[in-house]
Amino acid sequence: MLILNFYYIVPVVSVLCGLWVFVSKRKHLLNTLLSLEYIMLSIFWIMSLHLSNMGHESYFVLFFLTLAACEGALGLALLVSVVRTHGNDCFSSFSVLQC
């Protein structure tokens, strides 16, 4: 049982590191998108470990991975749109009055 708990420590620490980067480094849009993808990958890791230890099928994990890939594609589309309209991805160059 102790070995199983050790396998959960690394993914949980990686989720916390991803959350810390997401909260603290808000200068560029690309950094925030990369930290969100890192969090999603760490959650995927936790879910796959948990479901494999329980002996269940991994269909839900594949569904979650599909949603994470769609989230990444939407984030990249948003990044391309922002770079084309504003010229860069810095949050300081955005204005609330521009729509």
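**Close-up views of a three-helix chain**

**Figure 1. Thr 32, a buried residue in helix 2**. Thr 32 counts as buried, because its relative accessibility is 8% (buried means under 20% relative accessible area, exposed over 50%, and partly exposed in between, with a 1.4 Å probe and protein chains only). The model shown here is predicted, so local features need pLDDT of at least 70 and side-chain atom pairs count only at pLDDT 80 or more, while totals for chains, interfaces and linings use all residues. Residues are numbered from 1 along each chain as its sequence is written, and side-chain values use heavy atoms, with hydrogens and water left out. Look for Thr 32 in helix 2 (helices are DSSP runs of H or I with at least four residues, strands are runs of E with at least two, and both are numbered from the N terminus). Gly 18 sits 14 residues away from Thr 32 along the chain, and the C-alpha atoms of the two are separated by 9.4 Å.

**Figure 2. The chain and its annotated spans**. Follow the chain from its start and you meet the pattern α-α-α, with three helices and zero strands. Of its 99 residues, 23% are buried. An unreviewed UniProt entry lists residues 6–23, 30–47 and 59–83 as "transmembrane region" (positions use the numbering given here, feature names are shortened, and annotations may be inferred rather than shown by experiment). Residues 6–23 are 100% helix and 0% strand, with end C-alpha atoms 26 Å apart. For residues 59–83, also 100% helix and 0% strand, the end C-alpha atoms lie 36 Å apart.

**Figure 3. The largest nonpolar core**. Which residues make up the largest nonpolar core? Its five members are Phe 44, Met 47, Leu 51, Val 61 and Phe 64 (a nonpolar core is a set of buried Ala, Val, Leu, Ile, Met, Phe, Trp, Tyr and Cys residues joined through side-chain atoms within 4.5 Å). Helix 2 (29–54) and helix 3 (59–86) each give two or more residues to this core. Helix 2 provides the largest share, three residues.

**Figure 4. A nonpolar patch on the surface**. Phe 6, Tyr 7, Ile 9 and Val 13 make a nonpolar surface patch of about 410 Å². Patch residues have over 30% relative accessible area and no salt bridge; nonpolar side chains (Val, Leu, Ile, Met, Phe, Trp, Tyr) are joined within 5 Å, and like charges within 9 Å. A salt bridge is a Lys or Arg side-chain nitrogen within 4 Å of an Asp or Glu carboxyl oxygen, and areas come from the Shrake-Rupley method with a 1.4 Å probe, where for residues only the protein chains shown count as cover. Val 13 belongs to helix 1 (residues 2–24) and is partly exposed, because its relative accessibility is 43%.

**Figure 5. Two cysteines and Asn 88**. Cys 70 is partly exposed at 42% relative accessible area, whereas Cys 90 is buried at 16%. The structure holds zero disulfides (a disulfide is a pair of cysteine sulfur atoms within 2.5 Å). Asn 88 lies in the segment after helix 3 and is partly exposed at 30% relative accessibility. Its C-alpha atom is 9.1 Å from that of Leu 29, which is 59 residues away along the chain.
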